[in-house]
Amino acid sequence: MTQHVLVLGAGFSGLELATRLSETLQDAVRVTLLDRNGSFVFGFCTGPRIVPKAGIFAEAAARVVADDIAATIVGGEPPAPYGGSGVCYAEFGDGLVSKVEVDLLGGPAAAAQRHDPSREHAAEKEEFGATRRARWFGL
Ligand SMILES: Cc1cc2nc3c(=O)[nH]c(=O)nc-3n(C[C@H](O)[C@H](O)[C@H](O)COP(=O)(O)OP(=O)(O)OC[C@H]3O[C@@H](n4cnc5c(N)ncnc54)[C@H](O)[C@@H]3O)c2cc1C
């Protein structure tokens, strides 16, 4: 019998959880994603500009939850625990973006590596958004 998984809340974690489960298990699972709102906005609309909002850590945790649910449904090893690492981007204007690679749980203390603003990081940030739009919304 096909298992039915209900994901309540289509934020960053809900979107990734539902997408990854569907990709991993395909026809072995029916996934329903429900949110109390009818739309999802990347960023806060604060007048003429949008303040960026990402969810890299929520997304990474959701992947572990998805893999754990998948292992429960089809059997197999549970995933490694959530690692607490991710990337944050910061815009500096003129097409320049810096990034910080953060590792919260991998060592004895949280660690971060800062990269100077560059156009390469700007392109990487654009690609980051594009892959999420494509995976989660088919855009
Ligand atoms: C301005 C801003 C900038 C940020 N920038 C970053 C960043 O650069 N990097 C980063 O990693 N994190 C960032 N964060 C944090 C990040 O946004 C959160 O960690 C992330 O949104 C958490 O995702 P989530 O899916 O767990 O929760 P949410 O994104 O809050 O999603 C929860 C969803 O559940 C729905 N919901 C709630 N209750 C119900 C209910 N009863 N029934 C149905 N649906 C329900 C809500 O409508 C919502 O869509 C930022 C946050 C803010 C505010």
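User: Let's start with Asp94. Which loop does Asp94 lie in?
Analyst: This is a predicted model, and in it Asp94 has a positive phi of about 55° although it is not a glycine. With 8 C-beta neighbours inside 10 Å, Asp94 counts as exposed, since the cut-off for exposed is 12 or fewer. As for its place in the chain, Asp94 lies in the loop between β5 and β6.

User: Which residue just after α1 takes a positive phi?
Analyst: Most residues other than glycine have a negative phi. The one to look at here lies in the loop between α1 and β2, and its phi is about 45° although it is not a glycine. It is exposed, with 8 other C-beta atoms within 10 Å. The residue is Gln26.

User: And what follows α3, with a phi that is positive?
Analyst: α3 has 19 residues and reaches 26 Å from its first C-alpha to its last, close to the 27 Å expected at 1.5 Å a residue. The residue that follows α3 has a phi near 65°, and that residue is Gly138.

User: Zooming out, in what order do the elements of the protein run?
Analyst: The protein has three helices and seven strands. Its C-alpha trace spans about 55 × 40 × 25 Å along the principal axes. Read from the N terminus on, the order is β-α-β-β-β-α-β-β-β-α.

User: What share of the residues counts as buried?
Analyst: Burial here asks for 20 or more other C-beta atoms within 10 Å of a residue's own. The protein has 139 residues, and the share of them that counts as buried is 16%.

User: Is α1 largely enclosed or largely open, and how many of its residues are buried?
Analyst: α1 covers residues 12-25 and reaches 20 Å from its first C-alpha to its last, close to the 20 Å expected at 1.5 Å a residue. Among its buried residues are Phe12, Glu16, Arg20 and Leu21. The helix is largely enclosed by the rest of the structure, because the buried count among its 14 residues is 10.

User: Which elements are included in what covers the buried residues of α1?
Analyst: One contact set gives a feel for the packing: leaving aside its neighbours within four places in sequence, Ala66 is in contact with Leu17, Arg20, Leu21 and Thr24. Of these, Leu17, Arg20 and Leu21 are among the buried residues of α1. The cover includes β1 (3-8), β2 (29-34), α2 (56-74) and α3 (119-137).

User: Which elements give two or more residues to the largest nonpolar core?
Analyst: In soluble globular proteins, nonpolar side chains tend to be buried together. The largest nonpolar core in this model has 11 residues, including Val7, Phe12, Leu15, Ala66 and Ile69. The elements that give two or more residues to this core are α1 and α2.

User: Now the open sheet of three strands: what is its order?
Analyst: β5 and β6 pair in the antiparallel sense over eight bridges, with Ser85 finding its bridge partner in Asp103 of β6. Six bridges join β6 to β7, again antiparallel, and there Lys99 stands opposite His115. Put together, the order is β5-β6-β7.

User: Which are the edge strands of that sheet, and what angle does α3 make with β6?
Analyst: β5 (85-93) and β7 (111-118) are the edge strands, as each pairs on one side only. The twist averages 15° from one strand to the next. α3 packs on the sheet, touching β5, β6 and β7, and its direction makes an angle with that of β6 of about 70°.

User: How many residues of β7 are buried?
Analyst: β7 pairs on one side only. The strand is hardly covered, and among its eight residues the buried count is zero.

User: Last one: which element gives the most to the side of domain 1 that touches domain 2?
Analyst: The protein is divided into domain 1 (1-82) and domain 2 (83-139), with C-alpha centres 19 Å apart. Six residues of domain 1 are in contact with six residues of domain 2. On the domain 1 side, α1 and α2 each supply at least two residues. The one that gives the most, with three residues, is α2.

Notes: Residues numbered from 1 in each chain as written. Predicted model: local features only at pLDDT ≥ 70, side-chain atom pairs only at ≥ 80, totals over all residues. Helix = DSSP H or I, 4+ residues; strand = E, 2+ residues; numbered from the N terminus. Expected span 1.5 Å × (residues − 1). Contact = placed C-beta atoms within 7 Å. Pairing = 2+ DSSP bridges. Axes fitted to C-alpha atoms, helices over the stretch in contact; angles between N-to-C directions. Core = buried A, V, L, I, M, F, W, Y, C linked by C-beta atoms within 7 Å. Domains from an automatic or database assignment.
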